[in-house]
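Let's take a walk through a protein together. Have a look at the sequence and the 3D picture first, and then we'll go through it piece by piece.

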Amino acid sequence: MRRPARPCPARPLHFPGCPVRHLPTHTQVVVVGAGQAGLSVAYFLKRFQLEPGVDFVVVDRGPTTGGAWQHRWEALTLGSAHRVADLPGMDELGVSFATADHHRPAKDVVEEYYRAYEEHYGLNVFRPVEVMSVFNRGADLVVNARVPDEFDPDYREEVVTRLVVNASGTWRTPFVPYVPGIRDFAGEQFATNTYTSAEHFRGKSVVVVGGGTSAIGFLLELEGVADRLAWATRRPVEFNDDEKLSMEGGVRAVAEQDAAARAGKPLPSIVHGTGVAKTRRIAAGIERGVLVARPMFTRVERDGVRWPDGSFTRADAIIWATGFRPELRHLAPLRLHNIGGGVTVANGAVESDPRIFLAGYGPQASTIGASRAGRAVARQVIASL
């Protein structure tokens, strides 16, 4: 039995003391996630004459707008982050990330722009709603979601649907490689999504692992705060002299992602294909000797790491900025994975179950061509209805 409704603001955001509105019991499409990928798909579904909240339902587990950006650390600004691409149709609002204040925290700007976008296009996002599982009920799919409030943090609702567009991203599933001794480390270990501020590491000896922009950003933030810094990477970091990533590198990275997705193999990192743009900030860090990477350590010991040459660095903390994996656990009942453990995806459609689409997966995970990917997934959805 569903809980009784209480008076709530009309906006589909969660307000303290007021539960999210009830989810529809039936719809044609459920979009899981309201980050860049989910909103892009929702925009085109509406353009293709589907009604938000009726024909399709967008759910998001975050307390507010912004997708994974709302969880980023305060010091991360647009000027130091990956390029944030505009959502399709954002120009109609008169805003663009290209002209936004690059000194403001990125999380604040993205939250503000995404909120305006959702409201302008009436996308009717339900939040906070966390999808716990998706399973079969005859020919239909059932989305089981947790819709918490202060009276029942584990309250559940179900939505019966024909299709699911999964745009849950990767933020909740960081990848930490196994290194001998990792469980014996007595210090603190962090992943990118658990890093909060450089101040936490004041006066400590810190080892940062990873060859992407997050690792580089952590090193630059920790300079002058941590007592000692060391940087470890599995492969040499390729710095591009251009401040902006080349089109050629972007195309190559997307092609590598697409080939892996179609083959159902683990997805390579985008930065492996594009390299790291040598901005003025990064070039200065290289010049100062902050951004000098060492080959990956071979072992973690109780109070530090052991390098390939046998030398040892004491560490109070290790930050694993080693990427993410797609968050697909809620789709486990559908058994989408192939024998090799991957999911075979072509143009966003899952080969083993044509009712499931993965938006923001593989080549779509990059901001390069994200709007085009949203349109492509939406078109396939319409063709399947």
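A residue counts as buried when its relative accessible area is under 20%, as exposed when that value is over 50%, and as partly exposed in between. Keep those cut-offs handy, since we'll come back to them. What you're looking at is a predicted model. Of the protein's 385 residues, 50% count as buried. The outside adds up to about 18,100 Å² of exposed area, and carbon and sulfur atoms supply 52% of it.

Now for the building blocks. The protein has seven helices and 19 strands. How do the contacts link up the chain? If you take the contacts between residues at least 6 apart in sequence, 67% of them join residues at least 24 apart.

Let's start with a pair of helices. Two packed helices are described by the angle between their axes and the distance between the axes. Find helix α1, residues 36-47, and helix α2, residues 106-121: their axes come within 11 Å and cross at roughly 15°. Angles under 35 degrees count as roughly parallel, so α1 is roughly parallel to α2. The crossing of these two helices is left-handed. On the α1 side, the contact is made by Gln36, Leu39, Tyr43 and Lys46, while α2 brings in Tyr114, Tyr117, Glu118 and Tyr121. Sort the residues of this contact by class and you get five nonpolar, one polar and two charged.

Before α2 comes a loop worth a stop. Thr64 sits in the loop between β2 (56-59) and α2. Is Thr64 buried or exposed? Its relative accessible area is 16%, so Thr64 is buried. Who are its partners? Leaving aside neighbours within four places in sequence, Thr64 is in contact with Gln70, Glu111, Arg115 and Arg127.

That last partner, Arg127, takes us to another spot. The peptide bond from Arg127 to Pro128 is cis, with omega near -5°. Pro128 belongs to the loop between α2 and β3. Asn124 is found in the loop between α2 and β3 as well, and its phi is near 60°, a positive value in a residue other than glycine. With 24% relative accessibility, Asn124 counts as partly exposed.

Follow the chain into strand β3, residues 130-137, and you'll find Met132. Met132 counts as partly exposed, because its relative accessibility is 29%. Which residue does it pair up with across the sequence? Met132 and Arg329 are 197 residues apart in sequence, yet their C-alpha atoms are 8.3 Å apart in space. Setting aside neighbours within four places in sequence, Met132 is in contact with Asn144, Ala145, Arg146, Arg156 and His330.

Next, head for helix α3. Just ahead of this helix, Gly212 lies in the loop between β8 (205-209) and α3 (213-222). Gly212 is buried, with a relative accessible area of 16%. The C-alpha atoms of Gly212 and Glu238 are separated by 9.7 Å, with their positions 26 residues apart along the chain.

How much of α3 itself is buried? Nine of its 10 residues are, so α3 is largely enclosed by the rest of the structure. The buried ones are Ser214, Ala215, Ile216, Gly217, Phe218, Leu219, Leu220, Glu221 and Leu222. And what covers them? The cover includes β8, β9 (228-233), β10 (239-240), β11 (276-277), α6 (280-288) and β16 (317-320). Just after α3, Gly224 takes a positive phi of about 85°.

One piece of that cover, α6, deserves its own look. The axes of α3 and α6 come within 11 Å and cross at roughly 65°, and the crossing is left-handed. Ile216, Gly217, Leu220 and Glu221 of α3 make the contact with Arg281, Ile282, Gly285 and Arg288 of α6. By class, this contact has three nonpolar, two polar and three charged residues.

Our last stop is Arg335, in the loop between β16 and β17 (345-346). Its phi is near 55°, a positive value in a residue other than glycine. Buried or exposed, where does Arg335 fall? At 72% relative accessibility, Arg335 counts as exposed.

Technical notes:
Residues numbered from 1 in each chain as written. Predicted model: local features only at pLDDT ≥ 70, side-chain atom pairs only at ≥ 80, totals over all residues. Heavy atoms only, no water. Helix = DSSP H or I, 4+ residues; strand = E, 2+ residues; numbered from the N terminus. Buried < 20%, exposed > 50% of the residue type's maximum accessible area, 1.4 Å probe, protein only. Axes fitted to C-alpha atoms, helices over the stretch in contact; angles between N-to-C directions. Parallel < 35°, antiparallel > 145°, perpendicular 65-115°, else oblique. Left-handed = near helix turned anticlockwise from the far one by under 90°. Contact = heavy atoms within 4.5 Å. Nonpolar A, V, L, I, M, F, W, Y, C, P; charged D, E, K, R; others polar. Areas by Shrake-Rupley, 256 points an atom, 1.4 Å probe, with all protein chains shown as cover.
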